[in-house]
Each structure stands twice: as C-alpha cells, then as structure tokens.
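Hi,

Here is the structure I promised to pass on. Have a look at it first, and my notes on what turned up are underneath.

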Amino acid sequence: MTEQTALPGTPGTEVAGAKPDAAVVRDALGVGVAVGLSGFAFGVTSAGSGLTLAQTCALSLLVFTGASQFALVGALAAGGNPLTAAAGAFFLGVRNAFYGLRLSQLLALPRAVRPFAAQWVIDETTAVALAQPTRRSVRIGFTVTGLTLYVLWNLTTLLGALGAEAIGDTDAWGLDAAGPAVFLALLAPMLKNTTECAVAALAVLLGLGLLPVLPAGVPVLVAALAAPLVLWARGRRADGAEESAVRGAAEGEGER
C-alpha cells in the first residue's frame, strides 16, 4: 500500500486531495532543470576567479549550495582573502541547517538515509517539499528535485569550467539569476496572509539594505530576524488593542 500520510498544518490534509505522483515529478523536474542549468555560470565564474577545474568541480560535488559557491568564488575573484571568502560562504550556507530542521519532520526518513539526504537540503528542494500536501509527495518532490539538480548542477559546472572562454561574460547570459527566480516563483504562492507578506517584505529590505555594508552571507542571516520582528510587532499591536478594549469597557461601566 502506498503511503499517503497527510501532513498536519499543510494544505490538502485529506488523502483524497493528494497530488498525483506525476504532477509532483513534473514540478520537481522543472525546478531541477531550470536551476541546474545555472551551474554553467558557476563553472565559468569559478574558472575566471582562478580556481582549477578540480577545485571547481569539488565545490559543486561537496558543497552543493549555489549561493555559497558563488559567494566564495566571487570574493576570490575580487581579491579577497580565502579564509574570509570561506567564512562568508559558510554563513550563507547556515540557512540550510534551519531547512533541515523542518524537512526532517516532513520527510521522516530512516536514520541511515538522513546523512545522504542532508546533502540535498537546499533552497529549491525545500521549496518543492514544503509545497506538497502529503508525506509521499514530499519525499517524491524532495528526491526528484535533489537528484535532478545535483546531476545537472555538477554536469553544467564541469562544462562551464571547460568552456569558460567560449561562453564569455555570464552576466550577459543571466544564468546566475535562474536559481533565485525559480525560488521566488515557488515562494510567492505560499504568502497567503498579511503577516506572511510582511515577513517576506521585511526580509527583502533587511537583506538588500545590509548587502553593501556586511560581509557576504551575513545579510541573509540577519534577514531571518524578519519573522520574529513581525510576530513581536503583531503581538504588541494585539495587546494594545486588547488594553484599549478593556479601558473602553471600564470607562463605559464608570459612566453608568
């Protein structure tokens, strides 16, 4: 019997409304292919920053988180210290640990499989997994996205590094924008109320506003403060409204 366990707190909690496997695979392949092709840009950028072919490929095979990889080679290309560049890439990749905390509950994988699955915990696999209504579809979406993206990312990294001179300026191709664009397209439909929209907007403001003044990777971590800040402000406003209501009721009783 196939597993169609509904996930608490997610849309489509009825098994009858489960998403067909073919639809999950189609969506996951679309994300994996679209983002995987941007490995060309990383391969070219890495080769241009002075890294060897082996070093470039090792980054994609072992690190496998595009933002951190681009941050590292970008800092090196700008003449930055290797330790500083690595630290910035590390801070940018810390967010994946928070993704893992949530995905561990949704995937509920056997203990022996978890270390291998952890390699695929990135923006895109998280976004696809969180969009699914049942544990079965979460696992399918995560696995297909991760496998497709890992294979394509590493293949295009190799091709990009080998053909760096032929491809030329990656900014003109816009390949490095593919990943963020797909992630935003997945995220946008999930913003369904005012609080979620406020958190997203504040996160964008914090991330972009601090980008020129903080080391690479740190603005992303600071942007994570958007959620507690918005929730705190919302709580203060609710408390204020409650106090006003109590005060108004007390004044009304006094007038009587």
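A residue is called buried here when its relative accessible area is under 20%, exposed when that is over 50%, and partly exposed in between. Phe64, at a relative accessible area of 3%, is therefore buried. Please keep in mind that this is a predicted model.

The overall picture

The protein has 15 helices and 0 strands. Of its 256 residues, 34% are buried. If you take the contacts with a separation of 6 or more, 76% of them are between residues 24 or more positions apart. The accessible surface comes to about 14200 Å², and carbon and sulfur atoms hold 69% of that.

The core

As you know, nonpolar side chains in soluble globular proteins tend to be buried together. In this model the largest nonpolar core has 29 residues, and the members that touch the most others are Leu59, Phe64, Leu103, Leu107 and Phe142. Helices that each supply at least two residues to this core are α1 (21–36), α4 (66–77), α5 (82–93), α6 (95–107), α8 (123–130) and α9 (135–162). The largest share is from α9, with 6 residues.

Phe142 is a good place to zoom in. Leaving aside residues up to four places away in sequence, Phe142 touches Leu103, Leu107, Ala117, Trp120, Val121, Thr125 and Ala129. Two of those contacts, Thr125 and Ala129, are also on the list of buried residues in α8, together with Asp123, Glu124, Thr126, Ala127 and Val128. With 7 of its 8 residues buried, α8 is largely enclosed by the rest of the structure.

Aromatic pairs

What do the rings do? The count is 5 aromatic pairs. Phe64 and Tyr150 make an edge-to-face pair, since their ring centres are 4.8 Å apart and their planes stand at 80°. This pair links distant parts of the chain, with Phe64 in the loop between α3 (53–63) and α4, Tyr150 in helix α9, and 86 residues from one to the other.

Tyr150 also pairs with Trp120: here the centres are 6.4 Å apart and the planes are at 45°, a tilted arrangement. Again the pair joins distant stretches, 30 residues apart, as Trp120 is in the loop between α7 (114–118) and α8 while Tyr150 is in helix α9. Is Trp120 buried or exposed? Its relative accessibility is 19%, so Trp120 counts as buried. Elsewhere, ring pairs connect Phe42, Phe70 and Trp153 into a cluster.

Salt bridges

Side chains of opposite charge can pair when their charged atoms come close. The search of the whole structure gives 4 salt bridges. The one I would show you before the others is between Asp21 and Arg136, with the closest N and O atoms 2.5 Å apart. Asp21 is in helix α1 and Arg136 in helix α9, so this bridge ties together parts that are 115 residues apart in sequence. Both ends are partly exposed, Asp21 with a relative accessible area of 26% and Arg136 with 24%.

Then there is Asp27, which has two partners to look at. Its side chain meets that of Lys19 at 2.8 Å, N to O, and that of Arg26 at 3.6 Å, N to O. As for accessibility, Lys19 is partly exposed at 25%, Asp27 is partly exposed at 30%, and Arg26 counts as exposed at 55%. Through shared partners, salt bridges join Lys19, Arg26 and Asp27 into one network.

A patch on the surface

One more thing on the outside: Leu53, Leu155, Leu158, Leu159 and Leu162 form a nonpolar surface patch, with about 420 Å² of accessible area together. Helix α9 gives the largest share of the patch, 4 residues. One of the patch members, Leu155, lies in α9 and is partly exposed, with a relative accessible area of 42%.

If you open the model with one element in mind, I would pick α9. This helix gives the largest share of the core and the largest share of the nonpolar patch, and it also holds Tyr150 of the Phe64 pair and Arg136 of the bridge to helix α1.

Cheers

How values were computed. Residues numbered from 1 in each chain as written. Predicted model: local features only at pLDDT ≥ 70, side-chain atom pairs only at ≥ 80, totals over all residues. Heavy atoms only, no water. Core = buried A, V, L, I, M, F, W, Y, C linked by side-chain atoms within 4.5 Å. Buried < 20%, exposed > 50% of the residue type's maximum accessible area, 1.4 Å probe, protein only. Contact = heavy atoms within 4.5 Å. Patch = residues over 30% accessible without salt bridge, like charges linked within 9 Å, V, L, I, M, F, W, Y side chains within 5 Å. Areas by Shrake-Rupley, 256 points an atom, 1.4 Å probe, with all protein chains shown as cover. Phe/Tyr/Trp six-rings, centres within 6.5 Å; stacked < 30°, edge-to-face > 60°.
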